[in-house]
Amino acid sequence: DRNRAAGLPYDVQFTDIDYMENKKDFTFDLVKFKDLPAFADDLHAHGQHYIIILDPAIADTALINGTYETYDRGNAKGVWVYESDGKTPLVGEVWPGSTVFPDYTNPECITWWVDECSRFHKKVDYDGIWIDMNEVSNFVKGSKIGCQDNNLNYPPFIPRIMDGVTYSKTLCMDAKHYKNQIHYNLHSLYGHSMVLATEEANKAVFPEKRSLIFSRSTFAGSGKYSGHWLGDNAATWNDIKWAIPGMLEFNLFGIPYIGADICGFFDNVSEELCRRWMQVGAFYPFSRNHNAEGYNPQDPAYFGADSLLVQTSKHYLNIRYTLLPYLYTLFYHAHTRGDTVVRPVMHEFYSDEATWSVDRQFLWGPG
């Protein structure tokens with residue numbers, strides 16, 4: 001309400017996993033977020049859109065007031081990633097606690113995922129889906145029962161990775177997917193397979209209109225279906241700087257719908273840093289102010305309706321809105337010709353050696 005009252009250009013609201021009942025997909029907290037359906041309706045009444053977050057990990061425990069039907073339906077269809085025996089669902093731990101992991105390479109899993117998204121949309125009228133934790137992320141090493149000692153979990157060569165094991169913070173490499181495929185071969189495709197499943201869900205839920213997906217984990221080709229954000233950054237001058245090379249790189253990867261969390265995800269942000277970040281962030285292809293739970297609010301109006309931060313945010317966001325036809329044209333060229341939307345100065349002035357090391361500036365297309 002305070003951002004509306006301040007007249008801030010503001011047409012999309014996101015909610016992180018806080019809206020869920022104990023962080024379980026396709027639920028909402030019936031106490032803290034009991035009015036979530038009405039909240040979505042209110043956004044629509046003001047010409048705004050609502051994006052929900054979904055994680056892949058599905059809790060294998062009951063809801064407060066009954067069984068967790070999303071899990072039950074998935075279990076009945078056999079849509080999970082399995083232990084190396086191909087029969088026992090691999091159990092790990094993510095935000096809701098004990099969890100299993102959907103196998104999005106399984107057609108039955110895609111059918112289940114589409115159905116769950118459709119069912120939830122009938123409860124909460126969302127407009128798009130933000131997918132997270134899909135590297136796939138796991139808070140235990142591999143599995144709650146551990147990973148077997150074999151050349152998949154302990155290959156002959158291990159790069160310098162977390163904990164020196166291939167399954168740290170993810171699944172055992174010998175876990176089984178659809179048609180007996182092993183996770184070792186599919187690990188880097190997990191996020192992409194979730195993107196494809198979510199695209200099918202969006203086509204089913206929104207047959208007459210364009211929706212949105214953006215994903216933390218991507219692969220070559222994901223940009224056809226999904227955007228990406230640069231993950232959990234911090235409210236530091238260093239991270240506002242590094243967002244630019246990240247955007248430039250992902251445009252080269254064929255994922256032009258890209259941005260960083262404006263004003264930083266972790267830490268309390270200063271007014272000056274947030275002001276500067278709102279100014280440059282107005283020109284991120286994907287432009288979103290987002291922060292973590294437990295830190296001070298950082299939406300522009302929090303700093304005061306008449307603050308310099310609000311005034312400059314309105315100024316630069318209005319420039320963005322004025323240039324939207326140009327931005328959409330750049331995305332059309334990205335779609336049809338593989339062009340970059342955000343590009344480094346050197347791509348337009350490649351004969352000028354002074355541009356070759358410029359990484360704190362960027363262009364929209366050639367302009």
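Which hand does the disulfide of Cys263 and Cys274 have, right or left? Before selecting anything, bear in mind that this is a predicted model, and then start with these two cysteines, whose sulfur atoms are joined in a disulfide with an S to S distance of 2.1 Å. The torsion about that S-S bond is about 85°, so the disulfide of Cys263 and Cys274 is right-handed. Widening the selection to the surrounding elements shows that Cys263 sits in the loop between β10 (261–262) and α8 (271–281) while Cys274 belongs to helix α8, so the bond ties together parts that are 11 residues apart in sequence. Cys263 is buried, with a relative accessible area of 0%, and Cys274 also counts as buried, at 0% relative accessibility.

Stay with α8 and add helix α9 (residues 308–322) to the view. The two helices pack at an angle of about 10°, their axes being 8 Å apart, and α8 and α9 are therefore roughly parallel to each other. On the α8 side, the residues making this contact are Glu271, Cys274, Arg275, Met278, Gln279 and Gly281, and they meet Leu308, Leu309, Thr312, Ser313, Tyr316, Leu317 and Arg320 of α9.

Next, select the other disulfide, since the structure holds 2 of them. Cys147 and Cys172 are bonded with their sulfur atoms 2.0 Å apart, and with -90° about the S-S bond this link is left-handed. Both cysteines lie in the loop between β6 and α5 (183–186), so the pair ties together parts that are 25 residues apart in sequence. Cys147 and Cys172 are buried. When the bonded cysteines of the protein chain are numbered in sequence order, the pairing reads 1-2, 3-4.

Now turn to two cysteines outside these pairs, Cys109 and Cys117. The cysteine sulfur closest to that of Cys109 is in Cys117, at 11 Å, which is too far for a bond; a disulfide would need the sulfur atoms to be within 2.5 Å. Cys117 is likewise in no disulfide, its nearest cysteine sulfur being that of Cys109. Cys109 is buried at a relative accessible area of 0%, and Cys117 counts as buried at 1%.

Cys117 leads into the largest nonpolar core, which has 57 residues, and those touching the most other members are Tyr19, Phe101, Trp113, Cys117 and Tyr126. To display the framework around this core, colour α2 (36–45), β2 (49–54), β3 (58–59), α4 (107–123), β6 (128–131), α6 (190–205) and β7 (213–215), the elements that each give two or more residues to it. Then centre on Tyr126: apart from neighbours within four places in sequence, Tyr126 is in contact with Tyr50, Ile52, Cys117, Phe120, His121, Val205 and Phe206. A second, separate core has 29 residues, among them Ile255, Ala260, Ala282 and Ala334.

For the last stop, select helix α3 (residues 69–77), where Thr70, Tyr71 and Gly74 are buried. Looking down the axis of α3, one finds its buried residues within an arc of 95°, so they line one face of the helix. More generally, an α-helix has 3.6 residues a turn, so residues three or four places apart point the same way. The elements covering the buried residues of α3 include β3, β5 (97–100) and α4. Finish at Gly78, just after α3, which takes a positive phi of about 65°.

Methods
Residues numbered from 1 in each chain as written. Predicted model: local features only at pLDDT ≥ 70, side-chain atom pairs only at ≥ 80, totals over all residues. Heavy atoms only, no water. Core = buried A, V, L, I, M, F, W, Y, C linked by side-chain atoms within 4.5 Å. Buried < 20%, exposed > 50% of the residue type's maximum accessible area, 1.4 Å probe, protein only. Helix = DSSP H or I, 4+ residues; strand = E, 2+ residues; numbered from the N terminus. Contact = heavy atoms within 4.5 Å. Arc of directions from axis to C-beta. Axes fitted to C-alpha atoms, helices over the stretch in contact; angles between N-to-C directions. Parallel < 35°, antiparallel > 145°, perpendicular 65-115°, else oblique.
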